[in-house]
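User: Please take a close look at one part of this protein and explain in detail how it sits in the whole. I am a first-year student, so please spell out each step of the reasoning.

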Amino acid sequence: AIGGLEGELEQLIPGDIRQASDFVAFMRRVVDFLKERLRGTSIVEAVDNATFMKAMCSKMQLAEPKSLRFASQRLKSLLHTLEIVDVDSYEPISVIVDFCHLIAAYTQGFKVIIEPFDERLPNIPDPLLHLACLDASLAIKSVFEHFQSVVITSGTLSPIDLYPKILNFVPITKTFEMSLSRECICPMIVTRGSDQMPLNARFQNRSDRSIIINYGRLLVEMCAVVPDGVVVFFPSYRYMEEVVGAWANSKVLEQVTEHKLLFIETQDVVETTLALENFKRACDVGRGAVFFSVARGKVAEGIDFDRHYGRAVIILGIPFQYTLSKILKARLEYMKEKYQIDEGDFLTFDAMRQASQCMGRVIRSKTDYGLMILADQRYSRADKRNKLPSWIRKHIKDAHLNMSTDLCVSQAKEFLSTVSHKEPWESQVGSILLSLEGD
């Protein structure tokens, strides 16, 4: 059956790329067009898919974009025929054929953005071509079309306001409360340092020395009272580098390592994986560890810090996206035009969803417990706080909305002394627990 399907797909491939030599010549023309397009740009350009594809077909003298659409399938077929095992070495050409397929397959919802140079080095030509998907509903459209009912579940879906607009569906919502026998999480909003100076890590304040120092004091004091693992999330790699550098010069890191070992996420996957392994090893042997991560990095999206690996998560600042990004600007303009979604509303929604993802890393079961510390005075505002999931909001006490570092540390001690004793979970099986397996 599989062989028959491959044969049918082979028949659909246009004649001008069916022969291997013709396909190679075709791809040379594609690459030449892209090179010429990049070389001929001196300012940032943003064009929709249809316009870019029309120019591409005209330059390459294609009557229709069918050959572009099937380029990806033809490359796969060719690599299979040649019995090439090391397909990773063909990654660059794979990226180009995938680009061709998307350009030809979608006339709306995408935009081609060409940047002639890096904004940090405007005098050095370094052209970059992005194919930006502006319409998130395209990714899930086929699922909605093929199934009568679709169930979407997540601990960070609520509040659900913007999801139906962005993904283009009509929801029937049902919220299930967490059935707990005790207060297992303690969210706190730290708005002031121990010197009562306000904590606000908005972009304009990022280099403010007093804020960086107060964040350091908060970290040192929390590492002194929280056992095992602590995870710290920064809004970006650049800000993490700046803060860690300042902490190294002011002896903050030296004070941290008196209580716990320190590990840092980098943009290198292998390095980060090794750092995570050593972090968990330090927690397992009782030494304790703190892990520095980035809110939109690998760790924030898919790594669990359950049980003793995450007794506290600290989020420094609010993880807003980089608002000068050309791709983000194009996406915001698209959502404003198509869905009437305000730019500020989306950015806040997205940042708070990301913060919720980070907070959820430390509570992975009903027998788990942990501290959740939001270190920025903006979290105390209703427009930010109300975009947190209800299961987090309901645990934020009024006294925890506007705390100083000293009060936060004091409350952390009290919370940990209450929840750290072993619960008789056997008696909870059948009520809040299905079984003890995995806990």
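Analyst: Gln 196 has a relative accessibility of 43%, and since exposed means over 50% and buried means under 20%, Gln 196 counts as partly exposed. This value, like the others below, is computed from a predicted model. Gln 196 belongs to the loop that joins strand 4 to helix 9 (209-225). Its backbone deserves attention, for the phi angle of Gln 196 is near 70°, a positive value in a residue that is not glycine. The general background is that most residues other than glycine have a negative phi.

A second residue shows a positive phi as well. Asn 168, again not a glycine, has a phi near 60°. Asn 168 is placed in the loop between helix 8 (163-167) and strand 4 (185-192). With a relative accessibility of 56%, Asn 168 counts as exposed, whereas Gln 196 counts as partly exposed.

What does Asn 214 contact, once its neighbours within four places in sequence are left aside? The partners of Asn 214 are Gly 193, Ser 194, Asp 195, Met 197 and Leu 199. Asn 214 itself lies in helix 9, the helix that follows the loop of Gln 196. In contrast to the partly exposed Gln 196, Asn 214 has a relative accessible area of 1% and is therefore buried.

The discussion now turns to a buried loop residue. Tyr 379 sits in the loop between strand 9 (370-375) and helix 16 (382-385). Its relative accessibility is 1%, so Tyr 379 counts as buried. Tyr 379 and Met 188 are 191 residues apart in sequence, yet their C-alpha atoms are 9.7 Å apart in space. Apart from neighbours within four places in sequence, Tyr 379 is in contact with several residues, including Ile 189, Ile 315, Gly 317, Pro 319, Met 352 and Ala 355.

Ile 315 provides a link to the next residue, because Cys 358 also touches Ile 315. Cys 358 is located in helix 15 (residues 343-359), and at 0% relative accessibility Cys 358 counts as buried. Residues up to four places away in sequence aside, the further contacts of Cys 358 are Phe 233, Ala 295, Ala 300 and Val 313. Along the chain, Cys 358 and Val 230 are 128 residues apart, while their C-alpha atoms are separated by 12 Å.

How do helix 2 (residues 20-39) and helix 6 (residues 91-105) pack against each other? Their axes are 11 Å apart and meet at an angle of about 80°, which means that helix 2 is roughly perpendicular to helix 6. On the side of helix 2, the residues in contact are Phe 23, Met 27, Val 30, Val 31 and Leu 34. On the side of helix 6, they are Ile 93, Ile 96, Val 97, Phe 99 and Cys 100. By class, this contact has 10 nonpolar residues, with no polar and no charged ones.

Phe 99 also takes part in an aromatic pair, one of 13 in the structure. A pair of aromatic rings is described by the distance of the centres and the angle of the planes. For Phe 52 and Phe 99 these values are 5.9 Å and 85°, and the pair is edge-to-face. Phe 52 lies in helix 3 (residues 49-60) and Phe 99 in helix 6, so the pair ties together parts that are 47 residues apart in sequence. Phe 52 is buried at 2% relative accessible area, and Phe 99 counts as buried at 9% relative accessibility.

The pair of Tyr 106 and Phe 110 has its ring centres 5.2 Å apart and its planes at 35°, so this pair is tilted. Tyr 106 counts as partly exposed at 30% relative accessibility, whereas Phe 110 counts as buried at 9%. Elsewhere, ring pairs link Phe 263, Phe 279, Phe 291 and Phe 305 into a cluster.

The whole chain gives these details their setting. The protein chain contains 18 helices and 10 strands, and its C-alpha trace spans about 75 × 60 × 45 Å along the principal axes. Of its 439 residues, 44% are buried. Among contacts between residues at least 6 apart in sequence, 78% join residues at least 24 apart. The chain exposes about 23,200 Å², of which carbon and sulfur atoms supply 53%.

Methods
Residues are numbered from 1 along each chain as its sequence is written. This is a predicted model: local features need pLDDT of at least 70, side-chain atom pairs count only at pLDDT 80 or more; totals for chains, interfaces and linings use all residues. Side-chain values use heavy atoms; hydrogens and water are left out. Axes are lines fitted to C-alpha atoms, for helices over the stretch in contact, and angles run from 0 to 180 degrees between N-to-C directions. Helices (H or I, at least four residues) and strands (E, at least two) are DSSP runs, numbered from the N terminus. Angles under 35 degrees count as roughly parallel, over 145 as roughly antiparallel, 65 to 115 as roughly perpendicular and the rest as oblique. Contact means heavy atoms within 4.5 Å. Ala, Val, Leu, Ile, Met, Phe, Trp, Tyr, Cys and Pro count as nonpolar, Asp, Glu, Lys and Arg as charged, and the others, Gly among them, as polar. Buried means under 20% relative accessible area, exposed over 50%, partly exposed in between (1.4 Å probe, protein chains only). Accessible areas come from the Shrake-Rupley method with a 1.4 Å probe; for residues, only the protein chains shown count as cover. Rings of Phe, Tyr and Trp (its six-membered ring) pair if their centres lie within 6.5 Å; planes under 30 degrees apart count as stacked, over 60 as edge-to-face and the rest as tilted.
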